[in-house]
Amino acid sequence: MSEPEFSIGIEEEYLLVDLDSYALAEAPDGLMEACASELDSQVSPEFLQCQIEIGTKPCADIAAAREDLKRLRSTVARCAKQQNLAPIAASCHPFADWKNQHHTDKQRYKDLSRAMGGVARRMLICGMHVHVGLNDNALRVDLMRQMTYFLPHLLALSTSSPFWQGDDTGLASYRISVFDNLPRTGLPPQFDNWEDFTRSVQVLTDLEIIEDSSKIWWDLRPSASYPTLESRIMDVQPRLEDTLTLAALNQCILRMLWRLRVRNQRWRMYDPFLIGENRWRAQRYGVSEGLIDFGAGAIVPMTTLIDEIAELVAEDAGVLRCIAEVENARKIAFDGNATTRQRAAVAAAQQKGADQEGQMRAVVAHLVEAFHDGL
């Protein structure tokens with residue numbers, strides 16, 4: 001079997017905040033026009049008027065992805081500042097009320113709101129998606145089955161949404177709780193082959209419940225638009241380098257699984273019930289507690305698990321030229337992730353005597369600063 005390209009594409013969703021109040025702000029027409037004049041189709045409005053979405057071009061390696069993502073983030077930040085706004089890359093705004101938000105005036109969003117009812121109104125959340133190029137449909141479904149095992153690990157590293165409407169939810173990713181209210185979400189089913197996948201999708205398209213598989217929002221799916229496997233489980237990252245680390249891990253894990261396949265080996269399959277328990281632990285704790293190692297029959301700290309994954313994909317990181325990004329995953333597991341840092345911002349504000357409102361504003365100030373890190 002010839003080696004796939006393992007190209008990378010990254011999509012990120014940002015929230016727009018007012019630089020004076022740090023409250024959510026709706027994107028003015030001038031902002032979208034200014035961004036689109038420089039970024040063309042790589043920028044677009046999202047479901048809510050306070051959101052903006054970007055997408056890199058297909059990138060051959062992580063270095064190309066870094067340059068494109070840096071350009072996209074820098075342009076959005078510069079155009080937003082001209083409107084006294086700033087983007088933040090966190091999956092939930094710390095103190096906004098979803099009931100005060102309005103969806104973008106586009107037919108697709110009107111249709112979504114009508115189809116989903118009140119569930120759609122609560123979708124004040126942002127995520128990141130990583131596409132990895134696999135130009136063989138049978139391979140996409142086969143690797144999707146095996147890659148599912150690693151989705152909780154990626155979620156744990158990525159969590160960035162502990163706060164909701166001014167309260168600490170106790171979760172590391174509250175976004176997952178909101179998103180799981182939609183249909184056709186969660187862990188992907190374990191299809192035996194590409195034909196099983198397409199037949200299942202066809203049942204819903206024949207009934208006109210969905211137009212195509214783009215309306216299936218599993219944590220991992222074969223993309224409907226590109227010859228890629230698309231990982232969707234992760235919270236969006238406040239810092240550029242952490243986005244690139246997660247993208248590199250997706251890329252390397254898939255290459256590692258492909259490498260096993262060509263040697264007539266494969267990753268051991270576990271029941272979705274068990275993987276779902278790890279998904280919950282990642283959603284609840286992020287990197288602060290461990291996940292279940294089913295082979296060892298024990299809960300293992302995230303630092304140990306990420307060390308093991310880094311060693312598993314060391315060969316692949318070398319081939320794909322992303323050794324530094326994979327090494328950064330160890331740092332995230334050891335030092336803490338975006339959720340850890342947001343709670344640290346609250347603790348620092350408390351020490352200075354800030355009330356709850358002041359603490360939440362301090363978190364947003366931290367997120368604004370983090371967005372510009374590395375630009």
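Helices here are DSSP runs of H or I with at least four residues, numbered from the N terminus. The model you have open is a predicted one, so keep that in mind as you work through the exercises.

**Exercise 1. A pair inside one helix**

Work out how Glu327 and Arg330 are placed in helix H13, and what links them.

*Solution.* Start with the helix. H13 covers residues 323–335, and Glu327 and Arg330 sit three residues apart in it, so about one helical turn separates them. Now the general rule: an α-helix has 3.6 residues a turn, so residues three or four places apart point the same way. Next, check the distance. The closest N and O atoms of Glu327 and Arg330 are 3.1 Å apart, and the two form a salt bridge. Finally, look at accessibility. Glu327 comes out at 39%, which means partly exposed, and Arg330 is also partly exposed, at 24%.

As an aside on the wider set of bridges, Glu3, Arg255, Arg259, Glu315 and Asp316 are joined into one network by salt bridges that share partners. The whole structure has 26 salt bridges.

**Exercise 2. A pair across the chain**

Take Glu315 and Arg259 from that network and find which helices their salt bridge connects.

*Solution.* Begin with the contact: the closest N and O atoms of Glu315 and Arg259 are 3.5 Å apart. Then place each partner. Glu315 is in helix H12 (residues 314–319) and Arg259 is in helix H9 (residues 240–262), so the pair links distant parts of the chain, 56 residues apart. For the last step, use the 20% cut-off for burial. Arg259 has a relative accessible area of 10%, so Arg259 is buried; Glu315, at 41%, is partly exposed.

**Exercise 3. Buried or exposed?**

Sort the partners Arg239 and Asp242 by accessibility.

*Solution.* These two form a salt bridge, with 3.4 Å between the closest N and O atoms. Asp242 has just 3% relative accessibility, so Asp242 is buried. Arg239 has 24%, so Arg239 falls in the partly exposed class.

**Exercise 4. Checking a helix by its length**

Test whether the end-to-end distance of helix H15 fits its 16 residues.

*Solution.* H15 runs over residues 356–371. At 1.5 Å a residue, the helix should span 22 Å. The C-alpha atoms at its ends are 23 Å apart, so the two values agree.

Now ask what H15 packs against. Its buried residues are Gln359, Met360, Val363, Val364, Leu367, Val368, Ala370 and Phe371. They pack against strands E1 (8–18), E4 (85–88) and E6 (163–164), along with helices H2 (62–81) and H14 (338–351).

Zoom in on Val363, which belongs to H15. Val363 is buried, with a relative accessible area of 0%. Beyond neighbours within four places in sequence, Val363 is in contact with Pro94, Phe163, Gln342, Ala345 and Val346.

**Exercise 5. A buried arginine**

Find what Arg66 touches, and decide whether Arg66 is buried or exposed.

*Solution.* First, its place: Arg66 is in helix H2. Second, its accessibility: 17%, so Arg66 counts as buried. Third, its contacts: leaving out residues up to four places away in sequence, Arg66 touches Glu241, Leu244 and Glu325.

**Exercise 6. Two backbone oddities**

Locate Arg184 and Asn264, and look up the sign of phi at each.

*Solution.* The background comes first: most residues other than glycine have a negative phi. Arg184 is not a glycine, yet its phi is positive, at about 60°. Arg184 lies in the loop between helix H7 (174–179) and strand E8 (185–186), and is partly exposed at 21%.

Asn264 also has a positive phi of about 60° without being a glycine. Asn264 is in the loop between H9 and helix H10 (272–285). With a relative accessible area of 75%, Asn264 is exposed.

**Exercise 7. The space inside**

Describe the largest cavity by its volume and lining.

*Solution.* Count first: there is one cavity of 30 Å³ or more. Its volume is about 30 Å³. Then list the lining: Arg145, Gln146, Tyr149, Gln190, Arg268, Met269, Tyr270 and Ile275. Last, sort the lining by class, which gives four nonpolar, two polar and two charged residues.

Definitions and conventions: Residues are numbered from 1 along each chain as its sequence is written. This is a predicted model: local features need pLDDT of at least 70, side-chain atom pairs count only at pLDDT 80 or more; totals for chains, interfaces and linings use all residues. Side-chain values use heavy atoms; hydrogens and water are left out. On a 1 Å grid over the protein atoms alone, a cavity is a set of points where a 1.4 Å probe fits but cannot get out, and a pocket is an open set with protein on both sides within 12 Å along at least five of seven lines; lining residues have an atom within 4 Å of a point. Grid points are joined across faces, edges and corners, and a volume is the space filled by probe spheres set on the points. Ala, Val, Leu, Ile, Met, Phe, Trp, Tyr, Cys and Pro count as nonpolar, Asp, Glu, Lys and Arg as charged, and the others, Gly among them, as polar. A salt bridge is a side-chain nitrogen of Lys or Arg within 4 Å of a carboxyl oxygen of Asp or Glu. Buried means under 20% relative accessible area, exposed over 50%, partly exposed in between (1.4 Å probe, protein chains only). Helices (H or I, at least four residues) and strands (E, at least two) are DSSP runs, numbered from the N terminus. The expected span of a helix is 1.5 Å times one less than its number of residues. Contact means heavy atoms within 4.5 Å.
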